[in-house]
Structures are given as structure tokens and as C-alpha cells.
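Work through the exercises below with the coordinates open. Each task is followed by a solution in steps.

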Amino acid sequence: LTDGVTEAQVISLAEGLHLTTKFHIAAELGGPRELFDDPKTTANDLVSKHHCVGKTPLHLGSAGAHVEVVTSLLEQAAVDPGVKDFGGRSPLDDVEAMLEQNTGDAELEARLRTVRDKLME
């Protein structure tokens, strides 16, 4: 999914969706990673629950098995891998649910397991 996704496209989507931020969209799409590493990005941007069910960018990147996004987010001091959404679910809970639902896609399963391992470090 990250092939061809630009920062301008992510920002355009965020402007049209009032229940999310560009960081949530980028995390869900798997990039661009530069948004998370940008010096202008604040801690509040990275941990925002400005999402219809209170997911953070880490929740969305984790459930999408976007290893690079998850790695980048976890490198930021403000990001808590144990944060809960409005339903009381952590990013690890979401990954475990995705692993249970996934059947037959070995590549996705491998990425989900890598994300799970990173969240448990």
C-alpha cells in the first residue's frame, strides 16, 4: 500500500475526514514514514486518539501490520505501546485479534508477528 502514497495525498484525506488526523491515515496506510519522523511532529500528534473509536496511530499501524510505521512510532518517547482505545483495547490486543482472524496469508501473518514482537519488547 505504501507504493505511491504521498504526504500530500494523506493530508488531503485528513482534511476531508473530520474524525481523524493525517497521522492516523498515514499509520493505517503504512506511510509515508517521514510524517512520523518530521521534527515538526509533536508528541500529541503521535499519541492522538482523534479517531472515531479512540485508536492512536500505533493502534492503526499495528493492526495493519505496518512494521516500519510501528518501529518509527515506538522509537518516540511519547508513544505508549500499552495505550487503550475507547473500547479498552491496546495495539497488542488488535494484533492478536488480527492474527486470530488471518487464515492463509503467510506474509501478513509474518508481519503481524513481527509487529507483535515489537509491541512486547
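**Exercise 1.** Locate Asp-85, classify its burial and list its partners.

Solution. The model is a predicted one. Step one: Asp-85 sits in the loop between H6 and H7. Step two: the relative accessible area of Asp-85 is 7%, and buried means under 20%, so Asp-85 is buried. Step three: setting aside residues up to four places away in sequence, Asp-85 touches Val-53, Gly-54, Lys-55 and His-59. Step four: with Lys-55 there is also a polar contact, side chain to side chain, at 2.5 Å.

**Exercise 2.** Place Gln-76 and decide whether Gln-76 is buried, partly exposed or exposed.

Solution. Step one: Gln-76 belongs to the loop between H6 and H7. Step two: its relative accessible area is 25%; the partly exposed class lies between the limits of 20% and 50%, so Gln-76 is partly exposed. Step three: apart from residues up to four places away in sequence, Gln-76 touches Phe-36, Asp-37 and Leu-46. Step four: the C-alpha atoms of Gln-76 and Asp-117 are separated by 17 Å, with the two residues 41 apart along the chain.

**Exercise 3.** Find the aromatic pair and describe its geometry.

Solution. Step one: the structure holds one aromatic pair. Step two: its members are Phe-23 and Phe-36, with 6.2 Å centre to centre and 55° between the planes. Step three: planes under 30 degrees apart count as stacked and over 60 as edge-to-face, so at 55° the pair is tilted. Step four: the pair links distant parts of the chain, as Phe-23 is in helix H2 and Phe-36 in helix H3, 13 residues apart. Step five: both Phe-23 and Phe-36 are buried.

**Exercise 4.** Describe the largest nonpolar core and the surroundings of Val-10.

Solution. Step one: the largest nonpolar core has 22 residues. Those with the most contacts inside this core are Val-10, Phe-36, Leu-58, Leu-73, Val-95 and Leu-112. Step two: helices H2, H3, H5, H6, H7 and H8 each supply at least two of the core residues. Step three: outside its neighbours within four places in sequence, Val-10 is in contact with Val-5, Lys-22, Ile-25, Ala-26, Leu-29, Gly-31, Pro-32 and Leu-35.

**Exercise 5.** Is Arg-116 buried or exposed, and which residues does Arg-116 touch?

Solution. Step one: Arg-116 lies in helix H8. Step two: a relative accessible area of 18% is under 20%, so Arg-116 is buried. Step three: not counting residues up to four places away in sequence, Arg-116 touches Leu-92, Val-95, Glu-96 and Leu-99.

Note on methods:
Residues are numbered from 1 along each chain as its sequence is written. This is a predicted model: local features need pLDDT of at least 70, side-chain atom pairs count only at pLDDT 80 or more; totals for chains, interfaces and linings use all residues. Side-chain values use heavy atoms; hydrogens and water are left out. A nonpolar core is a set of buried Ala, Val, Leu, Ile, Met, Phe, Trp, Tyr and Cys residues joined through side-chain atoms within 4.5 Å. Buried means under 20% relative accessible area, exposed over 50%, partly exposed in between (1.4 Å probe, protein chains only). Helices (H or I, at least four residues) and strands (E, at least two) are DSSP runs, numbered from the N terminus. Contact means heavy atoms within 4.5 Å. A polar contact is a pair of N or O atoms within 3.5 Å; within protein, one must be able to donate a hydrogen and the other to accept it, and residues adjacent in sequence count only if both atoms are side-chain atoms. Rings of Phe, Tyr and Trp (its six-membered ring) pair if their centres lie within 6.5 Å; planes under 30 degrees apart count as stacked, over 60 as edge-to-face and the rest as tilted.
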